[in-house]
Amino acid sequence: DSGNDTGISEFLLMGFSEEPELQPLIFGLFLSMYLIIVLGNLLIILAVSSVSHLHTPMYFFLANLSFVDICFTSTTVPKMLWNIQTQSKVITYEDCITQMYFFILFAGLDMFLLTVMAYDRFVAICHPLHYTVIMNPHLCGLLVLVSWVLSALHSLLESLMVLQLSFCTVLEIPQFFCELNQMIQLACSDTFLSNMVVYFGATLLGGGPFIGILYSYFKIVSSIRGISSAQGKYKAFSTCASHLSVVSLFCCTSIGVYLSSAATQNSHSSATASVMYTVVTPMLNPFIYSLRNKDIKE
């Protein structure tokens with residue numbers, strides 16, 4: 001029966017497929033991607049911390065992004081691998097809320113850090129003579145700290161909204177992790193306030209950084225167009241090509257996932273689409289920065 005239960009103790013993460021013969025393939029695939037994410041991003045952190053000429057604002061932000069990417073995937077993939085290994089779909093209510101909190105936290109941090117990195121490229125290209133003065137260590141540390149604080153407060157607010165909800169006895173989440181929108185849809189109580197908070201948070205903490213990135217690149221393009229030599233234009237653009245690739249990948253996949261989930265009722269399709277920004281993007285980031293960056297390659 002579909003009833004109301006305010007004392008629920010667990011959810012079921014339905015994942016990608018219920019076919020037993022596909023579980024070893026899914027386990028191997030996600031274990032491989034997770035190891036690549038951890039190893040690739042750890043190598044970037046190690047390179048930035050150990051090589052003196054990489055101690056610049058750009059690589060400081062890159063090392064922070066790599067750390068956040070490791071944490072981002074670690075909130076979801078290990079639990080999914082554990083469930084496949086134990087042939088269980090259960091996640092406790094407390095673990096689900098905790099997973100959702102950290103998932104929102106690190107997703108927000110990803111967006112904030114990409115915005116900060118866009119600002120760094122804006123200063124480097126549009127104000128090169130004042131770059132070292134503007135992007136001083138104090139400001140860089142402050143920008144990262146503010147990103148953590150804002151993301152933590154936003155994630156806390158979203159989690160508190162979910163804690164106020166009561167849930168039906170049908171507690172199947174059509175994802176491989178506790179996703180905020182899916183949990184709100186499972187609630188039996190009134191979700192108007194929760195939906196308003198979600199939309200407000202997405203508009204403010206998603207749209208704000210996105211507008212900041214667009215503005216930074218608008219000024220960057222305007223500045224590059226003013227450079228007379230073709231070699232100068234190429235050199236200026238190459239300094240932000242990797243960042244632009246990562247921004248495009250993260251934003252496009254995130255938007256694509258939510259558009260596809262809104263357009264289709266297929267739960268497995270929605271879970272598969274979510275892999276693009278939760279696993280594939282963090283996995284590709286180290287390759288994008290290492291293959292297109294001379295200093296990192298060296």
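**Contacts and overall make-up**

I began with the contacts in the chain of this predicted model, and I noted that, among those between residues at least 6 apart in sequence, 78% join residues at least 24 apart. I then looked up the secondary structure, which comes to eleven helices and five strands. The chain has 298 residues, and I found that 47% of them count as buried.

**Helix α1**

I turned next to α1, residues 23–50, which has 28 residues and reaches 40 Å from its first C-alpha to its last, close to the 40 Å expected at 1.5 Å a residue. Listing its buried residues, I wrote down I26, F30, M33, Y34, I37, G40, N41, I44, A47 and V48.

**The nonpolar cores**

Since F30 is one of the buried residues of α1, I asked myself which residues have the most contacts inside the largest nonpolar core. They are F16 and F30, in a core of 62 residues. I noted that the elements giving two or more residues to this core include α1, α2 (57–74), α3 (77–86), α4 and α6 (137–163) from one part of the list, and α8 (192–225), α9 (230–263) and α10 (267–291) from the rest. The largest share, 15 residues, comes from α4.

I then followed F30 itself and, setting aside residues up to four places away in sequence, I found that F30 touches F16, V77, M80, L81, V275 and V279. There is also a second, separate core of 20 residues, and among its members I recorded F11, Y93, I97 and F167.

**The cysteines**

How many disulfides does a search of the whole structure find? It finds one, formed by C96 and C178, whose sulfur atoms lie 1.9 Å apart. The pair links distant parts of the chain, with C96 in helix α4 (residues 93–126) and C178 in the loop between β5 (172–173) and α7 (180–186), 82 residues apart. I also looked up the torsion about the S-S bond of C96 and C178, which is about -120 degrees, so I entered the disulfide as left-handed. Both C96 and C178 are buried.

I looked at C71 as well, which is found in helix α2. Its relative accessible area is 16%, and because buried means under 20%, C71 counts as buried. From C71 to F103 I noted 32 residues in sequence and 8.7 Å in space, C-alpha to C-alpha.

**A loop residue, Q87**

My next entry concerns Q87, in the loop between α3 and β3 (90–92). Its phi is near 55 degrees, a positive value in a residue other than glycine. Is Q87 buried or exposed? At 77% relative accessibility, Q87 counts as exposed, as the cut-off for that word is over 50%.

**The cavity and N285**

I then searched for enclosed space and found that the structure holds one cavity of 30 Å³ or more, with the volume of the largest cavity at about 40 Å³. Its lining consists of L65, D69, F72, D110, L114, V246, F250, Y277, T281, P282 and N285. I traced these back to the helices and saw that α2, α4, α9 and α10 each supply at least two residues of the lining, while α10 gives the most, with four residues.

I picked out N285 from this lining and placed it in helix α10. At 4% relative accessibility N285 counts as buried, and, leaving aside its neighbours within four places in sequence, N285 is in contact with L65, D69 and V246. I noted that L65, D69 and V246 are also among the residues that line the largest cavity.

**The second largest pocket**

My last entry is on the second largest pocket, which has a volume of about 720 Å³. It is lined by 27 residues, of which M58, K235, S238, T239 and N293 lie nearest its centre. Which helix gives the most to this lining? It is α9, with nine residues, and I recorded that α2, α4, α5 (131–134), α9 and α11 (294–297) each supply at least two residues of the lining.

Definitions and conventions
Residues numbered from 1 in each chain as written. Predicted model: local features only at pLDDT ≥ 70, side-chain atom pairs only at ≥ 80, totals over all residues. Heavy atoms only, no water. Disulfide = S-S within 2.5 Å. Buried < 20%, exposed > 50% of the residue type's maximum accessible area, 1.4 Å probe, protein only. Core = buried A, V, L, I, M, F, W, Y, C linked by side-chain atoms within 4.5 Å. Contact = heavy atoms within 4.5 Å. Expected span 1.5 Å × (residues − 1). 1 Å grid on protein atoms, 1.4 Å probe; cavity = no way out; pocket = protein on both sides within 12 Å on 5 of 7 lines; lining within 4 Å. Points joined across faces, edges and corners; volume = space filled by probe spheres on them.
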